[in-house]
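Visitor: I would like to know what lies behind the labels used for this model. Please take me through them one at a time.

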Amino acid sequence: ELKKLTAQKGDLLHILGNTQKIYNEISQKNTAINNRLMMIQEMHSNLTGYSEGVKAVLNASEKGYLKGIIGIIGEMLTVPAGLEVAVDVAVGKGLENILVDDFDKAQKAINYLKEHRMGRVTFLPIDSLKIRKVPQNLLEEIPLQGILGLGSKLVKYDKRIEKPVEYLLGHTLIVEDIEKAIEAFRNTKYPLRIVSLAGELINVSGAMTGGIRKSAHSSPLQR
């Protein structure tokens with residue numbers, strides 16, 4: 001019986017050792033995730049990655065100097081995993097466009113920037129933004145696999161900002177890869193910008209942009 005108990009004790013110590021190892025691994029991963037989360041929260045709080053003008057407008061709005069400032073459109077989009085690069089490339093600096101209630105609020109914000117010499121910002125007045133939607137039957141005319149859809153239909157957002165989203169992504173077709181992008185361009189006469197998941201871009205004219213970024217790039221959208 002002593003031999004049996006000794007063997008059981010050895011088994012338990014072995015299990016305990018493995019459990020401790022797993023616990024340590026989980027603890028390390030948890031610490032890394034918490035550190036990353038704290039860094040992202042700090043970047044968000046400090047508006048890291050945004051221009052001087054955007055920071056100035058949002059700070060002025062927070063202090064009550066400017067009214068009718070809704071927010072940065074890039075912060076109001078929910079982009080499905082895997083589409084971040086495509087959306088980032090398609091919209092570019094448009095991700096930091098600021099939504100405002102109307103022309104009057106945009107004008108006052110622009111005057112504020114000019115008065116304080118704080119840079120330039122693009123404002124999207126929700127009440128008067130004009131858009132032209134792509135015909136619903138367009139995608140049916142491009143019978144190709146690998147087409148994910150129009151950018152405005154792939155991201156999620158509050159109904160209130162539908163017009164600004166259509167303005168930025170309503171004429172952008174997202175596809176799987178550059179080969180599909182070229183096929184799609186050749187198979188439609190409608191003026192669309194076509195972008196692949198890896199970030200290759202074909203403009204309306206047919207001009208193509210692609211390659212690899214030499215330096216690390218992390219837009220607010222890709223955090």
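Guide: Let us start with a helix. In α6, the buried residues are Glu162, Pro164, Val165, Glu166, Leu168 and Leu169. Buried means under 20% relative accessible area, exposed over 50%, and partly exposed in between, with a 1.4 Å probe and protein chains only. The model is predicted: local features need pLDDT of at least 70, side-chain atom pairs count only at pLDDT 80 or more, and totals for chains, interfaces and linings use all residues. Residues are numbered from 1 along each chain as its sequence is written, and side-chain values use heavy atoms, with hydrogens and water left out.

Visitor: Why is helix α6 called largely enclosed by the rest of the structure?

Guide: Helix α6 spans residues 162-169, and six of its eight residues are buried, so the label follows. Helices here are DSSP runs of H or I with at least four residues, strands are E runs with at least two, and both are numbered from the N terminus.

Visitor: What covers the buried residues of α6?

Guide: The cover includes α3 (84-91), β2, β3, β4 (147-150), α5 (151-154) and β5 (172-175). Contact means heavy atoms within 4.5 Å.

Visitor: What makes the largest nonpolar core a core?

Guide: A nonpolar core is a set of buried Ala, Val, Leu, Ile, Met, Phe, Trp, Tyr and Cys residues joined through side-chain atoms within 4.5 Å. The largest has 21 residues, and Val87, Val155 and Leu169 have the most contacts inside it. The elements giving two or more residues to this core are α3 and α6. Helix α3 gives the most, with four residues. Apart from this core lies another, of 18 residues, among them Ala56, Ile69, Ile98 and Tyr112.

Visitor: Which residues does Val155 touch?

Guide: Leaving out residues up to four places away in sequence, Val155 touches Leu77, Thr78, Val79, Pro80, Val87, Val165 and Leu169.

Visitor: What makes β1 and β3 edge strands?

Guide: Two strands pair if DSSP finds at least two bridges between them. Three strands form an open sheet in the order β1-β2-β3, with mixed pairing. β1 (69-72) and β3 (123-125) each pair on one side only, so they are the edges.

Visitor: How do you know that β2 and β3 pair?

Guide: Strand β2 (residues 98-100) and β3 share three bridges, in the parallel sense. At least two are needed. In one bridge, Val100 has Pro125 of β3 as its partner.

Visitor: Why is Gly210 called exposed?

Guide: Gly210 has 60% relative accessibility, so it counts as exposed. Gly210 sits in the segment after β8 (208-209).
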